[in-house]
Amino acid sequence: MNWTAASLSICAMLLGPSVQAAQPAAAGARPWLNPALSADARARAALAAMTLDEKLRLVFGYSDQAVTEVSKVPDDIVSPELKAYIVAHAVKGSAGFVPGVPRLGIPDQTQTDASIGVRNSLIPSTALPSSLATAASFDPEVPRAGGAMIGAEARATGHNTMLSGGVNLAREPRNGRNFEYTGEDPLLAGTMAGALIDGIQSNHIVSTIKHYAVNDQETQRTSLDVTISAEAMRQSDLLAFELAMEKGKPGSVMCSYNLINGRWGCENDYLLNKVLKHDWGFKGFVMSDWGAVHSTADAANDGLDQFTGFCCVGDKPWFAPPAMKQALQSGRIPERRLDDMVERILWALFDKGAVDDPVRRSPIDYAAHALVSEKAAEDSLVLLKNDGDLLPLRGVKSVAVIGGNADKGVLAGGGSSDVTPVGGAVMIKDRTFLPDAPLAELQRTLPGARIGFDAGTDPRAAAALAAKSDVAVVFVTQYDSEGYDGSLELEGNQDSLVAAVANANPRTVVVIESGGAVFMPWLRQVPAVLEAFYPGIRGGAAIARIVTGRVDPSGHLPISFPASPDQLAHPDLPGRGLPNETPVHVTYDEGAAIGYKWYDTRGYRPLFAFGHGLSYTRFALSNLTARRDGRTVRVTFSIRNTGKREGKGVGQVYVMPADWKAAGWEAPKRLGAFAKAGLKPGQSRTVELTVDPRLLATYEAAGDKWHIHAGDYRVVLGDSSDHLTQTVDLALPDQAWSASAAPD
Ligand code: BGC
C-alpha cells in the first residue's frame, strides 16, 4: 500500500468538501479565532483564509544562527520581507523560529530546547534532573510537575514550543543522549516522557516528542542506516513513542537524523505516513531535527510537515520556500499535501492553546521552581548499594568529600539540552556544572561535622584525607553529550581514586553523576553507592539530603547496568572512530530485546538490574491478584511499609508467557505495570493496575495486527526485574486486533 496516498485521502476526508473548494474568508470573518469551535474546524478555517505565501511561512523554520546571519542569505532564497520579520520577531538565543501570519492572528512559533529546561544562551533557567533521572522516580507525577515548571518558564520567556520529550530507548548503553531519554523499557519510557509532555503542554504551548525514530546512538547520527524489522520496532522503540503520544498528546513530533531501513527519518513513508499519521491517528505535525532535510518533494510527500533548522547562507537550496513553490507548480507536491502540512501545524497551535493564550514575557519565581527540581531529584536518585546500612550517615564527626568537582557544582549533560542555569554555570573543561555544590550542601546538612575536601587529582592525597575521617564520600562524574557516544569506563583516574579511598577507609560512599550506566570495578570494596545521574539545579541539596537521611531514597533504575563490555548487544559501536558522516550500517538483530530483555535472553547477570533501587525503610509486597478482562489483564497487590521510617515503595509487575518463544516474544518477560506509593511506617496501600494489551502481544506485520497468543502466562511482582517475589498464573485466549485500532 502507498501510505502517502492513504494519508492524503484521510486528509481529504478530514478537510471535507468546503475546504477542498476553499475560498479566502471574507474580511472580518475570523471563525478560526473562535475558541468555541473545535481545533479541527479552526485549523480548516484558518487554512482556507491563507494565501500560498502565508502557508509557506508556516512550513519553514529558521535556527538561531539563521536569525543572526539571515541578512547574508540571497533574497531569492529568503525574501527581504521575511528576513526583516525573522530578525524583528525571533527570540534571540534559542533553538529556532517559524514566522506566523499576523494578518490572521496566527502566532510565530518560538522554539526552545529541551527536556531539562529552557535553553537560551541569553536567558537563565531552572534545570531539572536529566530525563533519565526523573524516569528513575517510577512516578509519572515527577516528570509531569517538572514539565509544568519548565513549560511555565518557556511561556514566561516568550517561547510557545518546547523541543522535548525525548523517548528513544536506551538500546545502546553508550548513547551520548541516553540522559535526555527515559530508559530502556517501552512502558516506563513512554509513561515518563508522556507525563513530561503533558506537564509542558499544560502551559498552552506545544511540546515536540523526539527523535522519531530508532535514533539510538550518536556516533554517525546523520549517516547511520539502521536495519530493524517492523515487528521489532513496533514492540520496542515505536511502542515507547506510541505510549508517550497517547499519554502526552504532543502537538508535534521531531523526526530524526538517521536512516531507518534505507530511508531518512524525515523522509520515511512507513514511519511518518503509515505508523504515525495513519495507524496512530496523529493530527499534529512532524518537524525535522535541525537540518535533517534531504529534499523538498520526497520529504513532503513522505510525511515531513515542517522543514526546521534552516541555518544560514549556503544551506541546502531545497530547504526554503522557493524550492517548495517550484515543486508545487510542477505538481511534484500536490497542493493538498501543502494544505495538510499547514493544517496540521495550525491544528497543534489551536489544540494546545497557543493561539488563544499567547505567550508573554513575565517574571519567574525561580526559588519555587528550584524546589520543583529539588523534589524531582529527591524522588529519582537511586541507592544502588548500602551494605551494613552505612547510609544514611549518622553521628559522623568527620567526613572526607573527594573528587567530582563536588566543591563547585553538579554535572549536566552536553548539547542542545544544556541550559544556562540560574546562578550561572560553572564551566570546567567546556562542561556545565550547575552551581549547587554537594560540598556546601553536606556542610549545611551536617553542621556538627568536620568536612574536608580533596579534589581527587592525586589518589594518595585523597586516601590520606579519607584515612583520618569517619567516612569518605567520593564523587565520580561521567560526561555525556549530544553528538557523540560515551564510554562505560569512568574517565581519567576515577576508578583508581575510588579504590585508593576505599582502601584507606572501608566506610566509603560513592556518588555517581553520570548520563547512564558505568562500570564499577571497585564495587566489592565499597559498601554504599548512590546513582545521582545528572541531578539538576538543586542536585547538591538532593544528594546531601539523601546521604544524611533527611529524605528516603526511592529511585529505581530505568536502565540495566552491564557488568562488562561483552554483555552488550553490539560490543563494537558501529561507526566509532570513522570520520564524521561516513555512511555506516547497523543491523539491530537483537530486535526488541533491549536492556533487561536482552540480558534475560542471554542469561547474563548485569551489574545492577533494571528496576533496582534500595530504600532506608523496608517494603513488603503481597496479595497479588491477576485476572483477564477482555484484552487486558487487571492486577491488584498490596504494598506495606514494614520499616521504621517514611518512604516510597515501588511495585513492578512483569508478565511472562509460559513459553516465550512459542508466544513469539522477544524475551522471557516484559514490564507490564508499575506503581509507587508514599507510606508511613506500618501503613499499606492496595494498588490496582491494568496491563496494556500490547504488552501481552506481538506485532505481526503480515496482517498489520497485534496478536496475543493463546496459552499460559505468569504475572509476577517484585521491586526489581531481578527480585520477583509473588506470582499468579492465568491462561489467555488467542486474540488479535488491528494495529491501527485504538487500544481498549
Ligand atoms: C538536536 C535536537 C534539538 C535541535 C535544536 C538538534 O541538533 O538533535 O534535539 O532540538 O538540535 O536545537
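**View 1. Empty spaces inside the model.** Let's start with the gaps: this structure has five cavities of 30 Å³ or more. Keep in mind that you're looking at a predicted model. How do you find gaps like these? Rolling a probe the size of a water molecule over the atoms shows where empty space is left.

**View 2. The largest cavity and its lining.** About how much space lies in the largest cavity? The answer is about 200 Å³. Its lining is made of 21 residues. If you want to find the middle of this cavity, look for Ala170, Arg171, Glu172, Pro173 and Gly595, which lie nearest the centre. Sort the lining of the largest cavity by class and you get ten nonpolar, six polar and five charged residues.

**View 3. The second largest cavity.** Here the space comes to about 60 Å³. You can pick out the lining by name: Ser131, Thr134, Ala135, Pro143, Gly165, Gly166, Glu180, Thr182, Met192, Ala193 and Leu196. Which helices should you trace to find some of these residues? Try α6 (131-135) and α8 (186-201), as each gives at least two residues to the lining of this second largest cavity. By class, the lining of the second largest cavity splits into five nonpolar, five polar and one charged.

**View 4. The largest pocket, where the ligand sits.** Now switch from cavities to pockets. The largest pocket is the space that the ligand takes up, and its volume is about 510 Å³. It has 30 lining residues, with Ala95, Asp113, Arg119, Trp290 and Ser416 closest to the centre of the pocket. Both α4 (64-69) and β5 (206-212) supply at least two residues each to the lining of the largest pocket. What classes of residue make up this lining? Count seven nonpolar, twelve polar and eleven charged.

**View 5. The ligand and the residues around it.** Zoom in on the ligand and you'll find 13 residues surrounding it. Which ones are the closest? They are Asp113, Arg177, His211, Asp289 and Glu482. The shell around the ligand is a mix of five nonpolar, two polar and six charged residues.

**View 6. Side chains next to ligand oxygens.** Three side chains are worth picking out here. His211 has a polar side-chain atom 2.7 Å from an oxygen atom of the ligand. For Arg177, a polar side-chain atom is 2.8 Å from an oxygen atom of the ligand. Arg221 joins in too, with an N or O atom of its side chain 3.3 Å from a ligand oxygen. How much of the ligand does the protein bury? On its own the ligand exposes 310 Å², and the protein buries 91% of that.

**View 7. Two cis peptide bonds.** Follow the backbone from Tyr212 to Ala213 and you'll cross a cis peptide bond, with omega at about 10°. Ala213 is part of the loop between β5 and β6 (224-227). Where else can you look? The peptide bond from Leu391 to Pro392 is cis as well, and omega there is near -5°. Pro392 also belongs to a loop, the one between β12 (382-386) and β13 (398-402).

**View 8. A positive phi at Phe138.** Last stop: Phe138 isn't a glycine, yet its phi is positive, at about 50°. Where is Phe138 found? Look in the loop that runs between α6 and α7 (141-156). You've met α6 already, as one of the helices that help line the second largest cavity.

Conventions. Residues are numbered from 1 along each chain as its sequence is written. This is a predicted model: local features need pLDDT of at least 70, side-chain atom pairs count only at pLDDT 80 or more; totals for chains, interfaces and linings use all residues. Side-chain values use heavy atoms; hydrogens and water are left out. A residue is near a molecule or strand if one of its heavy atoms lies within 4 Å of it. A polar contact is a pair of N or O atoms within 3.5 Å; within protein, one must be able to donate a hydrogen and the other to accept it, and residues adjacent in sequence count only if both atoms are side-chain atoms. Accessible areas come from the Shrake-Rupley method with a 1.4 Å probe; for residues, only the protein chains shown count as cover. On a 1 Å grid over the protein atoms alone, a cavity is a set of points where a 1.4 Å probe fits but cannot get out, and a pocket is an open set with protein on both sides within 12 Å along at least five of seven lines; lining residues have an atom within 4 Å of a point. A molecule sits in a cavity or pocket if more than half of its atoms lie within 2 Å of its grid points. Ala, Val, Leu, Ile, Met, Phe, Trp, Tyr, Cys and Pro count as nonpolar, Asp, Glu, Lys and Arg as charged, and the others, Gly among them, as polar. Grid points are joined across faces, edges and corners, and a volume is the space filled by probe spheres set on the points. Helices (H or I, at least four residues) and strands (E, at least two) are DSSP runs, numbered from the N terminus.
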